[in-house]
Amino acid sequence: MEGVSVRKIKKICVFCGANSGKDVAFVNAAFHLGEVLGKRKIDLVYGGGKLGLMGCVSTAVAQHERQVLGIIPSAFTINNLVGETCGKEIKVATMQERLVMMMELSDAFIALPGGFGTLEELFQMISWAQLNIHNKPIGVLNINGFFNGLLSFVDHAVKQEFITPRARKILISATTANELVDKLQAFRFESDPALSKLKWSPSSSQKEKLDLTLRL
């Protein structure tokens, strides 16, 4: 990291599966990521509950005495559907409110293996970065090549000129937790000159939620 400016990251939001996946390496990597965050004194923001990889990473962070915040839709708490959150819990009404709060409260984002929900969260954050709604680093922990296909698809979209080379730089990848956190800290946001002119106004509501209404 010598010669590279390092951004201060105090809280990382982790997107990952509520299942453990087929490969035990996913579970081991989730626990290891939590350990790395804890040792580097980084707090965790995640989707709440204790299922699957979400439970693994949150448990590991808590065991290293770092703060854990679960942001969870109220619907998921009925009948204890996802289990008890490991740490503080904030209940929200909708999935969109959950994602906006995750964006506001986090300094960076990491995706572990997961399904449609994980991919939705990952690409929503990438899209919002591209639109200059935030300038926070986003990365995937590519365990045993899990994200190889996705990264290849993104590169294909660049070649087909649907994603610009500048926008492609938004998505970071690494195969180890320490390497990924290092890359997130070294990330320098490059705003698209055209999209940087967009103005996004904060809501005046009591909850101070971000209003993603575009003002041209």
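In the predicted model, Val-6 is partly exposed, with a relative accessible area of 45%, a value that falls between the limits of under 20% for buried and over 50% for exposed residues. Val-6 belongs to the segment that precedes strand S1, and its C-alpha lies 33 Å from that of Asp-23, although the two residues are separated by 17 positions in sequence.

The strands form an open sheet of 7 members, in which the order is S4-S3-S2-S1-S5-S6-S7 and the pairing is parallel. Strand S4 (88-92) and S7 occupy the edges and each has a single partner strand, so that one side of each is left without a neighbour in the sheet. From one strand to the next, the twist averages 25°. S1 and S5, which run parallel, are joined by 4 bridges, and Phe-15 stands opposite Ala-111 in S5. Two helices that pack on this sheet may be described in turn. H2 touches S1, S2 and strand S3 (68-73), and its direction makes about 155° with that of S2. H8, for its part, touches S1, S5, strand S6 (138-141) and S7, with its direction at about 150° to that of S7.

The largest nonpolar core comprises 33 residues, and those with the most contacts inside it are Ile-12, Val-14, Leu-33, Leu-37, Leu-44, Ile-110 and Leu-112. Two or more residues are given to this core by each of strand S1 (11-15), helix H1 (24-39), strand S2 (43-46), helix H2 (52-63), strand S5 (108-111), strand S7 (171-174) and helix H8 (177-186). The largest share, 8 residues, comes from H1. When neighbours within four places in sequence are left aside, Val-14 is in contact with Leu-33, Leu-37, Leu-44, Val-45, Tyr-46, Val-57, Ile-110 and Leu-112. A second core, separate from the one just described and made up of 30 residues, includes Phe-15, Met-103, Leu-151 and Trp-200.

With regard to the cysteines, a search of the whole structure finds 0 disulfides. Cys-13 is in no disulfide, the nearest cysteine sulfur being that of Cys-16 at 9.2 Å, a separation to be set against the limit of within 2.5 Å for a disulfide. Cys-13 has a relative accessibility of 0% and therefore counts as buried. Cys-16 is likewise in no disulfide, and the nearest cysteine sulfur to it, that of Cys-56, is 8.1 Å away. Cys-16 is also buried, its relative accessible area being 8%.

Terms used:
Residues are numbered from 1 along each chain as its sequence is written. This is a predicted model: local features need pLDDT of at least 70, side-chain atom pairs count only at pLDDT 80 or more; totals for chains, interfaces and linings use all residues. Side-chain values use heavy atoms; hydrogens and water are left out. A nonpolar core is a set of buried Ala, Val, Leu, Ile, Met, Phe, Trp, Tyr and Cys residues joined through side-chain atoms within 4.5 Å. Buried means under 20% relative accessible area, exposed over 50%, partly exposed in between (1.4 Å probe, protein chains only). Contact means heavy atoms within 4.5 Å. Two strands pair if DSSP finds at least two bridges between them. Axes are lines fitted to C-alpha atoms, for helices over the stretch in contact, and angles run from 0 to 180 degrees between N-to-C directions.
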